[in-house]
Amino acid sequence: MDKQPAQLVALQQAFASHYHQPHQLAFQAPGRVNLIGEHTDYNDGFVLPCAINFYTWVLANRRPDHKIRVLALDYQQQDEFDLSAPIAAHPCYSWANYVRGVANNLLQQGYELQGCDIAISGNVPKGAGLSSSASLEVALGLCLSTVSGFELSGRDNALNGQQAENQFVGCQCGIMDQLISALGQQGKALLIDTRSLGCAEVSIPQSLSVLIINSNVQRGLVDSAYNQRRQQCEAAARKLGLVALRDISDLELNQQLYKLSPLEAKRARHVVSENQRTRLAARALQQGDIRLLSTLMAQSHQSMQQDFEITVPAIDLLVQLVSAVVGNEGGVRMTGGGFGGCVVALLPSDKIAQVQAVVATEYPAKTGLKADIFVCEASQGATQL
Ligand code: GLA
């Protein structure tokens with residue numbers, strides 16, 4: 001059996017000492033990295049993420065009543081609320097709103113919830129664009145449904161988490177992060193059609209490693225910038241008479257650009273071209289056409305930089321540094337919501353050391369920041385341990 005991560009062991013100990021008894025139930029849900037298909041999910045488009053071997057863990061014991069008590073080990077904070085009274089947002093702790101939101105949404109959908117004592121910890125870097133929040137929502141959905149004795153499909157768990165985040169936390173995120181955290185497959189990325197929620201498995205070739213580089217850029221006002229991009233896309237779709245930007249081709253968009261403001265035109269161009277790149281990239285990955293994958297990832301980055309305007313100079317620099325090492329033997333681009341966060345690279349393993357060396361010297365010299373590098377595995381979605 002695999003050795004348990006130190007953080008999970010610490011969580012087990014903290015649970016036992018905080019609640020004066022060992023836990024009986026344990027759950028984990030992974031973070032994710034998106035290989036391509038950025039800001040397409042809330043436009044009903046395509047995404048190609050994989051779950052990664054970094055997790056949020058939730059330990060639990062049932063209670064005989066309707067109280068939920070929570071210990072957030074990473075923050076050394078606690079929360080408590082009652083399922084039989086209206087659930088309000090927490091006045092201070094943002095992490096607590098994920099717990100309250102997930103519970104509240106399940107109740108609103110008519111599920112009956114049992115009280116429980118829970119403890120939470122995780123090793124998904126927080127605020128880095130690797131979906132630590134989605135992994136928390138999904139782990140909690142699995143925990144609360146199991147504790148309460150009903151089954152929640154991965155899809156419904158993901159939708160519940162997304163709604164909780166939309167309503168309780170105020171980020172109008174799409175469905176990608178929760179869905180891949182719930183349904184991820186070992187060794188595979190999923191090509192997700194975010195309109196139908198249909199998923200197609202895409203194997204990641206053995207010859208390629210998934211490398212994530214955290215820029216450690218401090219991200220400010222990310223939710224408002226994210227929500228603003230979403231509004232711009234929705235405004236563009238409305239003016240084009242579409243349900244969503246998913247419903248127009250490159251060619252048709254070019255013919256109708258006059259209907260949009262210059263800013264909306266740029267936003268729409270990103271989404272429409274990114275949808276096309278994402279489907280092509282899934283096929284390229286499946287067929288081992290790394291040269292094409294490399295081009296598509298480079299184009300995706302450029303589109304995020306110039307048309308969607310969600311990259312920052314430090315991220316652009318990282319992409320440039322990695323790309324100079326990897327060339328067309330792999331791909332690299334910013335991943336996630338943007339405005340900082342991480343870069344993802346798919347590259348031959350024998351290039352990793354060289355990337356590490358270049359990033360360790362050039363990145364601090366040019367930005368004054370230090371980057372963290374993770375070699376990841378495409379991993380299984382949420383499970384009970
Ligand atoms: C965040 C959101 C996702 C998605 C990405 C951008 O991670 O939670 O729904 O929109 O940004 O692709």
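**View 1. Polar contacts between the ligand and the protein in this predicted model.** An oxygen atom of the ligand lies 2.7 Å from a polar backbone atom of His-39, a polar contact being a pair of N or O atoms within 3.5 Å, where within protein one must be able to donate a hydrogen and the other to accept it, and residues adjacent in sequence count only if both atoms are side-chain atoms. A ligand oxygen atom is also 2.5 Å from a side-chain N or O atom of Asp-41, and a ligand oxygen atom is 2.9 Å from a polar backbone atom of Gly-174. Residues are numbered from 1 along each chain as its sequence is written, and side-chain values use heavy atoms, with hydrogens and water left out. Local features need pLDDT of at least 70 and side-chain atom pairs count only at pLDDT 80 or more, whereas totals for chains, interfaces and linings use all residues.

**View 2. The shell around the ligand.** The residues around the ligand (one heavy atom within 4 Å of it) include Arg-32, Glu-38, Tyr-42, Cys-173, Met-176, Asp-177, Tyr-226 and Gly-337.

**View 3. Ser-148 and its surroundings.** Ser-148 belongs to helix α3, residues 132–148 (a DSSP run of H or I with at least four residues, numbered from the N terminus). The side chain of Ser-148 reaches the backbone nitrogen of Gln-114 at 3.0 Å, while a polar atom of that side chain lies 2.7 Å from the backbone oxygen of Leu-144.

Methods:
Helices (H or I, at least four residues) and strands (E, at least two) are DSSP runs, numbered from the N terminus. Contact means heavy atoms within 4.5 Å. Lists of a residue's contacts leave out its neighbours within four places in sequence.
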